[in-house]
Amino acid sequence: MLEQIIFSILCILSFGFAAKRFLFISRNISLGVDWTPDSTPSEKWKNVIFIAFGQKKMFTKWLPAILHLFIYIAFIFTQIELIEILIDGITGSHRVFLPILGSFYLLIINFIEVLSLLALIGTFVFLARRNLLKIPRFQSVELKGWPALDALIILLAEIVLVSFIFMMNSADVALHQESYQFILSGFLVPLLKDFDTNTLHLLERVGWWGHIIVVFGFIVYLSYSKHLHIIFAFINTYYANTKPRGKIENMPAIMEEVKSLLGISEASNDTNQLPDFGSNDVFNLSWKNILDAYTCTECGRCTEVCPANMTGKKLSPRKVMMDIRDRADEVGKKLDSGDVAFCQDKNMPLSSANFSDGLSLFSQISPEEIHACTTCNACVEACPVLINPLEPIIKMRRYEILTLSSGPADWVPLFNSLENNQAAWSLSAERSAWTADMND
Amino acid sequence: MSIQVPVYSTLYNQGISPEILFWVGCAGSFDARAQRVTKAFCTILNKIDVSFAILGEEEKCTGDPARRAGNEFLFQMLALQNIQTLNHYGIKKIVTACPHCFNTLKNEYPELGGNYEVIHHTSFLNGLIADGKLKLQGGGSFIGKKITYHDSCYLGRINGIYEAPREILEALDADLVELKRCKSNGLCCGAGGAQMWKEDEPGSGRINQARATEIISSGADIVAANCPFCITMLQDGLTADSNEKNIMVLDLSELIVQQL
């Protein structure tokens, strides 16, 4: 009975805390401006099924894709076992599905054991890739500190988790030789041959509790980690744009302004209320840009193919996404603090509309970084979960040029030529001068 | 041979509406190297008797570099004026030799009120070859030499056109060797996003030189390209990198013109 009470309390605490964190994150995402995806429902589901569920884009690199697939499938099928653990934990039963499912249950557990072993192999290879082989995309400067530790924690937790599963199962096999025919755990039983029934029972309990405590920990930890992608990959692919990639988001306010300047349409009345253009903070990114940031798994496939990054420039698309996430978390925490120090207008209550902490996206992302982008879309192409790192880069360029009237000095002559000559270069020759020696 | 390059307004005043508008672009109009591509393409159009015209002085930059630099105001100024001109003439079909112009005209103008059928000259020429309208005579200085193809970002990864240029190379009987990074994995030349008009940010190297190194290691003698900016960037990169073989970067139309 005591076990059931402790279990139920831990269960409520972890799920309750996780729920609180998800509310925090969804509020942070909603700090972004309104945005509607251009995709049709069938395109949305197609992306969820093929890109998120089917992991299609992972397979541009087959080795990590297969290893990741082991962990992914093991994770999905272990949910069956977790449901059983939850029922057992609350009701005090033991392997409640066994009498119901009979030999099918043995099949499932055996299948989960095989997947767990494959996941364990994947985990060891991943640890080696990060820490021994030192694959370049895992050595970038933006991964120093917490991101590298985060990756390490989760891989070690995976090893602990799988170890507890095998401890629990093999002790159970040793206790119930006839009915529990778990093949892989069966191989471990000779190791337990000297233990008496009480010790085996204790081992089974340690395995069972160890397993579920790692799971409860994971539920809480998830929202602080890049492992949030196990949920957000599905949401993010659902909302991903399917418009032509080369189409940069229009700015209707400026379009209308220019139309009235050119006499194409009537001037609107509220032109004196023009907002800030572009983005310098989460408040003027779209909510999808922030969702992108929370979805990022920090795999670095974007940065690996970025031509600016590979030639030693400071720009790293992954860092841009990580910085946006950190900023969203920071703003979220400060808003929750209720501290008047963060009020823009001290006479009004703190809110997302009345917030200023003297920081912005530019506090983390330098102009040098956003200036290095060639808009080649390699990062967009590379992302396995359809994150678009290019969009916030363009929005930050817009903020610099349109709101701050700054930007690279080299672009001033370009802008002048475009404005005065309607051409990218200022040349005295006429546009059609090249035809002179053709038409004769 | 006299090559005719009619101007749209002249034909329009005569009551003639050409089948296609050839959008020359800033590079194609002003850059000496890109002008050679423009002329090669016009030579092909004359040869096969396609009715076409250029906007001439009425053409303005599409606004691609302005928009990508973040100067949306300037982009809108240019784009909306172009759309006024294009709509005034009732233009339906545009062909351009620049993938940046192609992308902006095709993907960004519709939302501003400009709806046209926009074709990159690579696809256009490939269509003519496939339909038998453009007959290749064989030969050309590139025969017997190894040719590699550089996917520009704006034609390849951004607009998904990978096969048309390769089909042209096949029709030309060219000996194609692929670069290590090609198609959706193609490496940028370094010019896009208005980088063409600014110095590189501090780093350990230049993007065009990284691409030139890949080209040299492919063993190719000629690089086929489809973008005036790529042509400039790659040729510069190859020149800076000793380039003992004197590797030439040529537009697909410059290869085709050799087999007319």
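**Entry 1: second largest pocket**

I sorted the lining of the second largest pocket by residue class and got twelve nonpolar, eight polar and 16 charged residues. In this sorting Ala, Val, Leu, Ile, Met, Phe, Trp, Tyr, Cys and Pro count as nonpolar, Asp, Glu, Lys and Arg as charged, and the others, Gly among them, as polar. The model is predicted, so I kept in mind that local features need pLDDT of at least 70 and side-chain atom pairs pLDDT 80 or more, while totals for chains, interfaces and linings use all residues. Residues are numbered from 1 along each chain as its sequence is written, chains are lettered from A and ligands numbered from 1 in the order in which they are written, and side-chain values use heavy atoms, with hydrogens and water left out.

The pocket has a volume of about 830 Å³. For the terms I used a 1 Å grid over the protein atoms alone: a pocket is an open set of points with protein on both sides within 12 Å along at least five of seven lines, a cavity is a set where a 1.4 Å probe fits but cannot get out, and lining residues have an atom within 4 Å of a point. Points are joined across faces, edges and corners, and the volume is the space filled by probe spheres set on them.

I found 36 lining residues, with A:Asn241, A:Thr242, A:Lys243, A:Arg245 and A:Val380 nearest the centre of this pocket. Helix 2 (41-53), helix 11 (287-295), helix 16 and helix 17 of chain A, and helix 6 of chain B, each supply at least two of the lining residues. Helices are DSSP runs (H or I, at least four residues) and strands are too (E, at least two), numbered from the N terminus.

**Entry 2: cavities**

I counted seven cavities of 30 Å³ or more. The largest has a volume of about 170 Å³. Its lining has 21 residues, and B:Asp64, B:Pro65, B:His100, B:Trp197 and B:Phe229 lie nearest the centre. Two or more lining residues come from each of helix 2 (25-30), helix 4 (64-69), helix 6 (99-108) and helix 10 (228-240) of chain B. Helix 2 of chain B gives the most, with four residues. By class I noted 14 nonpolar, six polar and one charged. Domain 1 (8-127) and domain 2 (136-259) of chain B each give at least three residues to this lining; the domain bounds come from an automatic or database assignment.

The second largest cavity comes to about 100 Å³. I listed 14 residues in its lining, with A:Cys306, A:Pro307, A:Cys373, A:Cys376 and A:Cys379 nearest the centre. Helix 13 (307-310), helix 16 (378-382) and helix 17 (390-403) of chain A each supply at least two of them. This lining has eleven nonpolar, three polar and no charged residues.

**Entry 3: domains of chain B**

I put the C-alpha centres of domain 1 and domain 2 of chain B 23 Å apart. Their contact (heavy atoms within 4.5 Å) takes 28 residues from domain 1 and 28 residues from domain 2. The area buried between them is about 2200 Å², with 69% from carbon and sulfur atoms; buried area is the accessible area (1.4 Å probe) that two parts lose on being put together, summed over both. I found one salt bridge across this interface, a salt bridge being a side-chain nitrogen of Lys or Arg within 4 Å of a carboxyl oxygen of Asp or Glu. B:Arg33 and B:Glu254 pair in a salt bridge at 2.8 Å, N to O.

**Entry 4: domains of chain A**

Chain A divides into domain 1 (2-238) and domain 2 (253-421). I read 36 Å between their C-alpha centres. The contact draws 34 residues from domain 1 of chain A and 40 residues from domain 2 of chain A. These domains bury about 3300 Å², 58% of it on carbon and sulfur atoms. I counted four salt bridges across this interface. A:Lys61 and A:Glu304 also form a salt bridge (2.8 Å, N to O).

**Entry 5: chain B against chain A**

I found 70 residues of chain B and 61 residues of chain A in the contact. About 5700 Å² is buried between the chains, 64% of it from carbon and sulfur atoms. B:Phe30, B:Arg157 and B:Trp197 supply 12% of the area that chain B buries against chain A, more than any other three residues. B:Trp197 is also among the residues nearest the centre of the largest cavity. Four salt bridges cross this interface. I noted B:Glu72 with A:Arg398, closest N and O atoms 2.9 Å apart.
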